[in-house]
Amino acid sequence: MAFDGTWKVDRNDNYDKFMEKMGINVMKRKLAEHDNLKVTIEQEGDKFHIKESSTFRTKDIDFTLGVQFDYTMADGTELSGMWELEGDTLKGKFTRKDNNKVLTTTRAVVGGELVQSYNYEGVDAKRIFKKQ
């Protein structure tokens with residue numbers, strides 16, 4: 001339950017290049033870099049409830065570890081995939097519905113910060129969150 005709590009984005013690493021590789025236009029990329037994203041995570045066993053709140057939208061996501069679900073990114077990109085827990089790391093593998101390319105992501109608490117890492121088509125990025 002280390003993920004439980006509200007986390008606010010503090011900094012990004014290579015996030016613009018990642019979004020560019022995803023095909024997100026420059027205007028949306030600039031907005032996304034300053035979205036003030038807050039993620040609230042509640043875990044109960046293998047079930048998760050996540051609330052994403054940003055300058056642009058609020059979205060509730062419910063998923064069960066190992067069970068496939070659909071997700072729409074803030075830019076409208078539709079994905080299908082699942083999360084699994086490996087040790088203390090949440091690992092997600094999602095396939096884009098428009099081109100069948102794979103986006104992988106992980107969430108781990110490192111040094112008291114939530115580190116969300118992404119990989120798409122060979123481009124890695126991170127968003128680092130501080131607990132509120």
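Contact here means heavy atoms within 4.5 Å. Keep that in mind, since 37% of the chain's contacts with a separation of 6 or more join residues 24 or more positions apart.

Two notes before you start clicking. This is a predicted model, where local features need pLDDT of at least 70, side-chain atom pairs count only at pLDDT 80 or more, and totals for chains, interfaces and linings use all residues. Residues are numbered from 1 along each chain as its sequence is written, and side-chain values use heavy atoms, with hydrogens and water left out.

**Stop 1: the whole chain**

Switch to a cartoon view and you'll find two helices and ten strands; both are DSSP runs numbered from the N terminus, with helices (H or I) of at least four residues and strands (E) of at least two. Walk along from the N terminus and the order is β-α-α-β-β-β-β-β-β-β-β-β. The radius of gyration is 14 Å, close to the 14 Å that the globule rule gives for 132 residues, so the chain is as compact as a globular protein of that length. That radius is taken over C-alpha atoms, and the rule is 2.2 Å times the number of residues to the power 0.38. Along the principal axes, the C-alpha atoms fill a box of roughly 40 × 30 × 25 Å.

**Stop 2: the core**

Of the 132 residues, 38% are buried (buried is under 20% relative accessible area, exposed is over 50%, partly exposed is in between, with a 1.4 Å probe and protein chains only). Now select Phe18, Ile41 and Phe63: of the 31 residues in the largest nonpolar core, these touch the most other members. Helix 1 (residues 15-22) gives the most to this core, with four residues. A nonpolar core is a set of buried Ala, Val, Leu, Ile, Met, Phe, Trp, Tyr and Cys residues joined through side-chain atoms within 4.5 Å.

Zoom in on Phe18. Which residues does Phe18 touch, not counting those up to four places away in sequence? Show Leu103, Tyr118, Asn119, Tyr120, Val123 and Ala125.

**Stop 3: Asp124 and Asn14**

Next, pick Asp124 in strand 10 (residues 123-131). Asp124 is partly exposed, at a relative accessible area of 48%. Beyond its neighbours up to four places away in sequence, Asp124 touches Asn14, Tyr118 and Asn119. For a long view, draw a C-alpha to C-alpha line from Asp124 to Gly45: they are 30 Å apart in space and 79 residues apart in sequence.

Hop over to Asn14, in the loop between strand 1 (5-13) and helix 1. Asn14 isn't a glycine, yet its phi is positive, about 65 degrees.

**Stop 4: Arg29 and Asn36**

Is Arg29 buried or exposed? Arg29, in helix 2 (residues 26-32), counts as buried at 10% relative accessibility. Setting aside neighbours within four places in sequence, Arg29 is in contact with Asp16, Met19, Glu20 and Ile24.

Carry on to Asn36, in the loop between helix 2 and strand 2. Here is a positive phi in a residue other than glycine, near 55 degrees. Asn36 is partly exposed, with a relative accessible area of 44%.

**Stop 5: Lys38**

Finish in strand 2 (residues 38-44), where Lys38 sits. Lys38 counts as partly exposed at 35% relative accessibility. Its contacts outside four places in sequence include Thr6, Trp7 and Lys8, as well as Lys51, Glu52 and Ser53. Then add Lys130: Lys38 and Lys130 are 92 residues apart in sequence and 9.5 Å apart in space, C-alpha to C-alpha.
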